[in-house]
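Visitor: Please take me through this structure, and explain on what grounds each term is applied.

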Protein chains: 2
Amino acid sequence: MKGFFQLVSSSEFIRLFEDFHPLDAEDVRVSESLGRTLAHSIMAPEPLPPFSRSTMDGYAVRARDTFGCSESEPALLKVAGEIFMGQSGQALTLKPGHAAAIWTGGELPSKSDAIVMVEYTNKLDSDTIEIFRPVAPGENIIHSGEDFEKDSTVLEKGQLLRPQDLGVLSGLGLTSVPVFKKPVVAIISTGDELVEPGKPLTPGKIWDINTTTLYALVDECGCVPVSLGIVEDDLDSMFNACTKALELPADIVLLSGGSSVGRRDFTLKVLEMVDNAELLAHGVSIRPGKPTILARKGNVALYGLPGHVGSAIVVFYLLVRPLLRKISGTDASMGLHRIKALTAEQIPSVIGREDYIRVSIQWGSDDSPHTANPVYGKSGLLNPLIRAEGLLVIDRDTEGLDQGEEAEVILFP
Amino acid sequence: MKGFFQLVSSSEFIRLFEDFHPLDAEDVRVSESLGRTLAHSIMAPEPLPPFSRSTMDGYAVRARDTFGCSESEPALLKVAGEIFMGQSGQALTLKPGHAAAIWTGGELPSKSDAIVMVEYTNKLDSDTIEIFRPVAPGENIIHSGEDFEKDSTVLEKGQLLRPQDLGVLSGLGLTSVPVFKKPVVAIISTGDELVEPGKPLTPGKIWDINTTTLYALVDECGCVPVSLGIVEDDLDSMFNACTKALELPADIVLLSGGSSVGRRDFTLKVLEMVDNAELLAHGVSIRPGKPTILARKGNVALYGLPGHVGSAIVVFYLLVRPLLRKISGTDASMGLHRIKALTAEQIPSVIGREDYIRVSIQWGSDDSPHTANPVYGKSGLLNPLIRAEGLLVIDRDTEGLDQGEEAEVILFP
C-alpha cells in the first residue's frame with residue numbers, strides 16, 4: 001500500500017457520499033431549532049389564521065351596505081359595538097346597516113364580510129359613522145386558513161429552519177419540532193511536535209493549531225465537535241484514539257496530520273486497522289489537499305486530513321462540510337456563497353488538477369466588478385490564511401488564468 | 001404627539017447610531033470565540049514559528065555542499081543523524097559535508113541552511129546519501145518569526161473571529177482572547193390577542209409569532225436574546241416590562257406590536273415615559289416598516305417594531321442588526337450577502353420611499369443571470385415569508401422596476 005491510491009476529483013469524492021444516510025430524528029424545542037434541518041414535513045394542525053381577521057384598523061361591515069357610497073354621498077351606518085383585541089368577534093352578529101369598530105388582527109363579527117379602513121370613515125356621533133368609499137366582499141380580510149389550511153404542508157422535510165420558519169411554527173401553536181440529530185465530529189490531532197496551547201514549549205515543539213481550527217470549522221457548520229486531544233505519532237496511540245472516537249459514538253472522525261506519503265502513512269495504517277472499515281479514497285486531485293483519505297465504517301466517515309492547517313481548511317470546506325450537511329439532512333453541498341470576480345494577476349495552474357487559491361476580495365460597486373487578489377505564501381505559513389476571504393476555483397480543464405479573467409470564488413462563511 | 005414624526009430614510013436612521021458605542025471587552029476562551037469581535041488587536045507574544053522549520057520531508061544540509069551537483073554527478077553527504085519530530089534540531093550541529101534526516105515541520109539542526117527534498121536523494125548505505133539537485137540557502141525553510149515576528153500585529157481590533165483566526169491564536173499559545181461582550185436583547189411582545197404557543201386558544205386569540213421570530217433573529221446575529229413574554233396592550237404592563245428589560249440590563253429593547261398610528265400609540269407613550277430616554281425617530285420612509293420607532297437611553301436603544309412579523313423581520317435586518325453589529329464592535333452594516341438579479345416581473349414603487357420586496361431566487365449559471373421572483377401576498381399573511389429568500393431593494397429615487405431590470409437583492413443569512 002505504498003504511494004497514493006488512484007487520485008479522484010473533488011466531484012468523484014463527493015459521489016462517495018451516496019451511501020451515507022442522514023442521522024436519526026429528534027424533537028427539539030422550536031426556540032432551539034434555528035439552523036437545524038427538518039426531519040419530517042410539517043402539516044398545519046389547525047387552520048392559520050384560526051379565524052377570519054381584519055388586516056386594517058377600521059370598521060367591519062356588510063359590503064353591500066357600502067355599495068355606491070362616495071365622498072359626496074357617504075353611506076351612514078350604525079356602530080353596533082367594538083371588537084376588542086383578543087375577544088371573540090363572532091359573538092357579535094352584524095345586522096344590515098350596522099358596523100363594528102375593529103383593529104388590525106381582530107376577529108370579524110358574524111355576518112360581516114369586509115373592512116372599511118378608518119381613513120375612509122368619519123364619526124358623526126357615538127354610534128353613527130359616514131363611509132366614503134365602497135368595499136368589495138372580502139376586502140381587507142384574511143380568511144381562516146388563508147395562510148395554511150388544516151393539514152396542508154407548511155414546511156418541507158430537509159429544510160433548514162430560519163427565524164421566519166420558527167415564527168410560523170409558533171403561529172401554528174407548535175412548541176417542538178422534529179429535526180435531524182446534529183452530527184458529532186471527533187477531532188484527533190496527531191504529531192509528536194504538538195503541545196496544547198497554554199502549556200510551555202520545549203525545543204522542537206509547537207503549539208497545536210489544527211485542533212482549534214477544526215473544532216471551530218465543525219462548530220461553524222452547526223455540528224458538535226469533540227476534541228480527543230493531541231495524539232502521538234505512533235500506531236497504537238492513534239488506533240486507540242480512533243477507537244475512542246468510534247465509541248463516543250462519533251458520526252465523523254477527523255484525523256489531522258500524518259496523511260502525506262512521506263510521513264510514515266500512519267493514518268492509512270490506522271484506518272486499515274479499524275474493523276469493518278472500507279477505504280474509499282486516498283488522494284484527491286486538488287491543490288491543496290491531495291493527501292486526503294476517506295474511509296467508511298457503516299454510516300461513520302473517517303477522514304485523514306493533510307497536516308498543514310491551510311490545506312486542512314480547504315479540505316474541510318470542500319470535502320467534509322458537504323458530508324456533514326448531508327448526514328444533517330440537508331444536501332451534499334458546501335452551503336457557501338459564491339461570487340464572480342476578476343483575477344488581479346495571472347494565476348498558473350496545471351491541467352488535470354483543481355486549484356483552490358486563497359484570495360482576498362476587493363469589492364466592486366454597481367459599475368465595477370469584484371477583484372480577487374491571490375494571497376500567496378510559502379507552504380506552511382499561516383499569515384496568508386488570515387488575510388484570505390475565500391477560495392478562487394480553477395477547474396481541472398483550465399491551464400491557469402490570465403490577469404483580469406473572470407473566475408468563481410467560494411466565500412468563507 | 002399625533003401622527004408620525006418626520007419620516008427618515010433608512011440611511012438617516014443608521015446615522016442615528018453614531019452616538020452608540022461598542023460594549024465593554026471580556027476575555028473568553030479561544031475555543032469559544034468563534035464569530036466574536038476582537039476588542040483589542042493581538043500582537044504575537046513570541047515569534048511564529050518559534051524556530052526555523054523544514055517545509056519538506058528530506059535532509060537538512062549546508063546549501064554549499066550541494067552546489068554544482070546533478071543527476072550525473074550527485075553530491076555525497078554523510079548522514080549525521082535524524083531530527084525526530086518534537087525534538088530539538090539545534091542540539092545537533094551540522095559539520096561540512098554532513099546532512100541530517102528531517103521531517104516536515106522539524107527544527108533545523110545548527111549550521112544547516114537548506115532542506116533537500118527526499119525525492120532528490122538516494123540512500124547509498126546507512127550513513128551516506130547522494131543528492132541530485134543543488135539547493136539555495138533558505139530553500140524549503142520557514143524561518144523563526146517568518147509568519148509573525150514577536151510583537152507584530154496578528155489580528156486587528158474589530159475583526160470577526162473565524163476558524164483560521166482561532167487557529168493562529170492557538171499557534172501563538174494563546175488560550176483566551178479579548179472580545180466585545182455580546183449584546184443582550186430584551187424582547188417584549190405586546191397584544192391582548194396573543195397566547196403563548198402550546199397553551200390553548202380562546203376565540204379571537206392567536207399564538208404569538210413575534211417572540212419566537214425575534215428571538216431567533218437575535219440568536220442568528222450572535223447576540224443574547226431574552227424573552228420577557230407576552231405583555232397586555234396597556235400602558236402600565238408595557239412600561240413595567242420595559243423597566244424590567246432595562247434592569248436586566250438589556251443593551252437593546254425590542255417592543256413588537258402597537259407602534260402603528262392607528263393602534264393606540266402605546267409604544268410611543270411608553271418610550272416617552274422612560275426616564276432620560278430621547279426619541280430619535282418615529283417613522284421611516286421604507287415599506288414595509290414605516291411605523292418603526294427608535295429611542296435612546298444612554299447607550300441603550302429601545303425600538304418600537306411594527307406588529308406584523310413580516311414587517312418586523314425587514315426592520316430587524318435593515319435597522320436593528322446594524323446597531324447590534326456596531327455595539328458588538330464590528331460596524332453598522334447588516335453583514336448580509338447581496339447579489340444582482342433580474343426582476344421576473346414589473347415591480348411598482350413610489351418615488352420618495354424605499355421598497356424591500358420579498359423575493360425567491362432562481363439561481364443562474366455561468367451564462368445566465370439570477371432571477372428574482374416577487375413573493376407577494378396580502379398584508380398579514382405568513383406564507384410569503386417562508387417562501388422568500390431575500391429582499392429586493394428599490395431605492396427612493398426609483399419609480400418601480402420593469403420586468404428584466406437588474407436589481408440588488410439582500411439575501412437572508
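The conversation below sets values against the definitions behind the terms.

Guide: This is a predicted model, in which local features need pLDDT of at least 70, side-chain atom pairs count only at pLDDT 80 or more, and totals for chains, interfaces and linings use all residues. Residues are numbered from 1 along each chain as its sequence is written, while chains are lettered from A and ligands numbered from 1 in the order in which they are written.

Visitor: Why is B:Val309 called buried?

Guide: A residue is buried if 20 or more other C-beta atoms lie within 10 Å of its own, exposed if 12 or fewer, and partly exposed in between, with C-beta atoms placed from the backbone. B:Val309 has 28 other C-beta atoms within 10 Å, and is therefore buried.

Visitor: Which residues does B:Val309 touch?

Guide: Contact requires that the C-beta atoms of two residues, placed from the backbone, lie within 7 Å. Leaving aside residues up to four places away in sequence, B:Val309 touches A:Gly167, B:Ile209, B:Asn210, B:Thr213 and B:Leu382. The C-alpha atoms of B:Val309 and B:Leu382 are separated by 8.0 Å, and these residues are 73 residues apart along the chain.

Visitor: What makes helix α6 of chain B kinked?

Guide: Helices (H or I, at least four residues) and strands (E, at least two) are DSSP runs, numbered from the N terminus. Helix α6 of chain B covers residues 309–327, and B:Val309 has its place in this helix. The bend at a residue is the angle between axes fitted to the seven residues ending there and the seven starting there. In α6(B) the kink is about 45 degrees and is centred on B:Phe316. As for cover, 19 of the 19 residues of α6(B) are buried. After α6(B) comes B:Gly329, with a positive phi near 95 degrees.

Visitor: How do you know that strand β21 of chain B is largely enclosed?

Guide: Six of the six residues of β21(B), 300–305, are buried, so the rest of the structure largely encloses this strand. B:Val300, B:Leu302 and B:Gly304 point one way, B:Ala301, B:Tyr303 and B:Leu305 the other, and all are buried.

Visitor: What makes β17(B) and β21(B) a pair?

Guide: Two strands pair if DSSP finds at least two bridges between them. β17(B), residues 252–256, has five bridges to β21(B) in the parallel sense, and one bridge partnership is that of B:Val253 with B:Leu302. β20(B), residues 293–297, is also joined to β21(B) by five bridges, but in the antiparallel sense; here B:Lys297 has B:Val300 as its bridge partner. β20(B) and β21(B) form a hairpin with two residues between them, and B:Gly298 in the turn has a positive phi of about 60 degrees.

Visitor: Why are β16 and β18 of chain A said to stand at the edges?

Guide: The open sheet has six strands in the order β16-β13-β17-β21-β20-β18 (chain A), with mixed pairing. β16 and β18 of chain A each have a single partner strand, so one side of each is left without a neighbour in the sheet.

Visitor: How do you know that the two copies are related as by a two-fold rotation axis?

Guide: Copies are superposed by least squares on the C-alpha atoms of residues with pLDDT of at least 70 in both. A turn of 180 degrees and a shift of 0.0 Å along the axis lay chain B on chain A with an RMSD of 0.1 Å. The two copies are thus related as by a two-fold rotation axis. The same surface serves both copies, since 100% of the contact residues of chain B recur in chain A.
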